[in-house]
Amino acid sequence: MTPNIFKWKEIRSECEATSATLVAVSKTKPVEAIEALYAEGQRDFGENRVPELVEKAGQLPQDIRWHMIGHLQRNKVKQVVPIAHLIHGIDSERLLNEISKQASKTGRVVDGLMQIHIASEESKYGFDESEVRELIERRGTTFDHLKIRGLMGMATFTSDESIVRAEFEHLSAFYKNLRSTCFKDDPHFDTLSMGMSGDYPLALACGSNMVRVGSSIFGARN
Ligand SMILES: *Cc1c(COP(=O)(O)O)cnc(C)c1O
């Protein structure tokens with residue numbers, strides 16, 4: 001169960017070419033696999049289940065930046081807030097308010113990404129664009145302990161590259177639009193998280209600056 005270091009180096013250099021951050025998605029993989037990649041210099045790791053995140057964070061070095069990438073339930077927010085470097089999947093107003101509330105109790109401001117629904121599948125979580133714009137305009141008032149750092153999206157699971165490209169281009173354009181309007185005076189809105197093992201090169205070509213890659217590095221999951 002060792003990660004493919006050769007492949008990791010290749011993906012890392014593709015990310016470096018566009019100054020994108022590589023999040024190594026270690027969900028379901030043992031701590032030994034994370035340690036092996038940590039020894040090579042990887043510091044950003046992604047998990048999608050809270051109990052697994054809590055357990056791994058307790059066993060691994062403190063300077064790891066943990067990314068909570070999956071759908072997050074509100075009753076688990078309290079456990080995530082002290083650990084997470086970045087919460088990627090903010091997909092409802094209630095979740096957003098809960099993150100801000102729990103963060104304010106700990107006295108810290110948590111960074112998060114708004115998940116936008118770009119795929120054609122019904123099942124993928126996320127806001128639509130008008131909802132996000134409306135929420136963003138209220139930031140700093142209703143939720144003051146959550147800092148919106150950018151957007152996250154997942155493309156349709158399909159082998160048709162033209163569909164995936166269109167979805168990534170669409171999200172990228174929306175991100176740029178928000179940057180030049182709502183966040184014109186806020187340099188912290190700087191993250192576009194899109195791209196996974198199957199589609200990260202396309203995502204980078206479409207302007208992603210954070211990719212979440214699991215199976216290409218760690219091998220297939222059960
Ligand atoms: C599992 C997961 C990934 C990584 O998927 P791979 O195809 O293994 O690279 C990326 N993003 C999210 C939200 C995930 O749940």
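Two exercises on a predicted model follow, one on the ligand site and one on the nonpolar cores.

**Exercise 1. Describe the ligand's surroundings and its polar contacts.**

Step 1. List the shell. The residues around the ligand are Val25, Lys27, Ile69, Met152, Met154, Met196, Ser197, Arg212, Val213, Gly214, Ser215 and Arg221.

Step 2. Sort the shell by type. It splits into 6 nonpolar, 3 polar and 3 charged residues.

Step 3. Look for N or O pairs within 3.5 Å. A side-chain N or O atom of Lys27 lies 2.7 Å from a ligand oxygen. For Arg221, a side-chain N or O atom is 2.8 Å from an oxygen of the ligand. Gly214 uses its backbone: a polar atom there is 2.8 Å from a ligand oxygen.

Step 4. Check the cover. The ligand alone exposes 390 Å², and the protein buries 90% of that.

**Exercise 2. Which residues touch the most other members of the largest nonpolar core, and what does Leu151 contact?**

Step 1. Take the largest core. It holds 63 residues. Ile99 and Leu151 touch the most other members.

Step 2. Find the main contributor. Helix α7, residues 161-180, gives the most to this core, with 6 residues.

Step 3. Trace Leu151. Skip its neighbours within four places in sequence. The remaining contacts are Leu113, Met114, Ile116, Leu171, Phe174, Tyr175, Leu178, Phe189, Thr191, Leu192 and Ser193.

Step 4. Look for another core. A second, separate one has 5 residues, among them Val23, Leu86, Leu113 and Met210.

Step 5. Set this in context. Nonpolar side chains tend to be buried together in soluble globular proteins.

Methods
Residues are numbered from 1 along each chain as its sequence is written. This is a predicted model: local features need pLDDT of at least 70, side-chain atom pairs count only at pLDDT 80 or more; totals for chains, interfaces and linings use all residues. Side-chain values use heavy atoms; hydrogens and water are left out. A residue is near a molecule or strand if one of its heavy atoms lies within 4 Å of it. A polar contact is a pair of N or O atoms within 3.5 Å; within protein, one must be able to donate a hydrogen and the other to accept it, and residues adjacent in sequence count only if both atoms are side-chain atoms. Accessible areas come from the Shrake-Rupley method with a 1.4 Å probe; for residues, only the protein chains shown count as cover. Ala, Val, Leu, Ile, Met, Phe, Trp, Tyr, Cys and Pro count as nonpolar, Asp, Glu, Lys and Arg as charged, and the others, Gly among them, as polar. A nonpolar core is a set of buried Ala, Val, Leu, Ile, Met, Phe, Trp, Tyr and Cys residues joined through side-chain atoms within 4.5 Å. Buried means under 20% relative accessible area, exposed over 50%, partly exposed in between (1.4 Å probe, protein chains only). Helices (H or I, at least four residues) and strands (E, at least two) are DSSP runs, numbered from the N terminus. Contact means heavy atoms within 4.5 Å.
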